[in-house]
Amino acid sequence: MPAHKSILLVEDNPDDEALTLRALKKNRIMNEVVVARDGLEALDYLFGTGSHAGRDIREQPPVVLLDLKLPKIDGLEVLRRLRADPRTRAQPVVILTTSNEHSDLRASYTLHANSYIRKPVDFNEFTETLRSVAHYWLQLNEPPPTLQTN
């Protein structure tokens, strides 16, 4: 697990962003966290376009924590575009949402999300959930091989 790899957090709610960053810090997750506050910014980061033009997209995050209800481009469309592109098809994506909608759960897995987690309301529960997520995706999981872009 390379500690220098950045986690991509895609979250438009400033309170949920702060809560997530606080929970990661409390769990001593040392990876940098890149925050995208809408779906377009997330896609720009992952594909090295827009405000992230020139970013080496061969260096992808070990995991993307993706909210569903986002401005500009919603989370399901972000996931759809990631899975449609051979460069990002295998990118680990964890849906981290407050949505209780069965249709969101079904659509996320239909689009090949790696995991779907409802954000616990209780901070201690949320912290423990993020500890487990980080432990799995940053330490236990073997990431997909870097895909060459030509």
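These are my notebook entries on a predicted model, taken one topic at a time.

**Entry 1, the sheet.** I began with the strands and found five of them in an open sheet, ordered β2-β1-β3-β4-β5, with parallel pairing. The edges are held by β2 and β5 (115-118), each of which has a single partner strand, so one side of each is left without a neighbour in the sheet. From one strand to the next the twist averages 20°. I then looked up individual pairings: β1 and β2 run parallel and are joined by four bridges, and within that pairing V10 stands opposite A36 in β2. Between β3 and β4 I counted three bridges, again in the parallel sense, and there L65 has V94 of β4 as its bridge partner.

**Entry 2, strand β4.** I asked how many of the residues of β4 are buried. The answer is five of the five, so β4 is largely enclosed by the rest of the structure. Looking at the directions of the side chains, I noted that V93, I95 and T97 point one way from the strand while V94 and L96 point the other way, all of them being buried. I also noted that helix α5 (residues 123-140) lies across β1, β3, β4 and β5, and that α5 runs at about 175° to β4.

**Entry 3, the nonpolar cores.** The largest nonpolar core comprises 23 residues, and those with the most contacts inside it are L8, V10, L66 and I95. Two or more residues come from each of β1 (7-10), β2 (33-36), α2 (39-47), β3 (64-66), α3 (75-84) and β4 (93-97), with α2 giving the most, namely five residues. Apart from this core lies another, of 18 residues, including I29, F123, F126 and A134. I went back to L8 to list its partners beyond four places in sequence, and these are V34, A36, A42, Y45, L46, P61, V63, V64 and L65.

**Entry 4, helix α3.** Which residues of α3 are buried? I found G75, L76, V78, L79, L82 and R83. They cover an arc of only 155° around the axis, which puts them on the same side of α3. As general background, an α-helix has 3.6 residues a turn, so residues three or four places apart point the same way. The buried residues of α3 pack against α2, β3, β4 and α4 (102-110). At the start of the helix I checked D74, where a side-chain oxygen comes to within 3.1 Å of the backbone nitrogen of L76.

**Entry 5, two residues of helix α4.** I looked up S108, which sits in helix α4, and asked whether it is buried or exposed. S108 is buried, its relative accessible area being 0%. Its side chain reaches the backbone oxygen of D104 at 2.8 Å, and, leaving aside neighbours within four places in sequence, S108 is in contact with L68, L76, L79, I95, A113 and Y116. T110 also has its place in α4, but T110 counts as exposed at 53% relative accessibility, the cut-off for that class being over 50%. I added one long-range separation to this entry: the C-alpha atoms of T110 and A18, which are 92 residues apart along the chain, are separated by 30 Å.

**Entry 6, K26 in helix α1.** K26 belongs to helix α1 (residues 14-26) and is partly exposed, with a relative accessible area of 48%. Once neighbours within four places in sequence are left aside, K26 is in contact with F123, N124 and T127. Its C-alpha atom and that of L138, 112 residues apart along the chain, are separated by 16 Å.

**Entry 7, positive phi values.** Finally I looked at two residues other than glycine with positive phi, R28 with a value near 60° and K72 with a value near 70°. R28 lies in the loop between α1 and β2, and I recorded it as exposed, with a relative accessible area of 66%. K72 has its place in the loop between β3 and α3, and K72 is exposed as well, with a relative accessible area of 64%.

Notes: Residues are numbered from 1 along each chain as its sequence is written. This is a predicted model: local features need pLDDT of at least 70, side-chain atom pairs count only at pLDDT 80 or more; totals for chains, interfaces and linings use all residues. Side-chain values use heavy atoms; hydrogens and water are left out. A nonpolar core is a set of buried Ala, Val, Leu, Ile, Met, Phe, Trp, Tyr and Cys residues joined through side-chain atoms within 4.5 Å. Buried means under 20% relative accessible area, exposed over 50%, partly exposed in between (1.4 Å probe, protein chains only). Contact means heavy atoms within 4.5 Å. The arc is that of the directions from the helix axis to the C-beta atoms. A polar contact is a pair of N or O atoms within 3.5 Å; within protein, one must be able to donate a hydrogen and the other to accept it, and residues adjacent in sequence count only if both atoms are side-chain atoms. Two strands pair if DSSP finds at least two bridges between them. Axes are lines fitted to C-alpha atoms, for helices over the stretch in contact, and angles run from 0 to 180 degrees between N-to-C directions.
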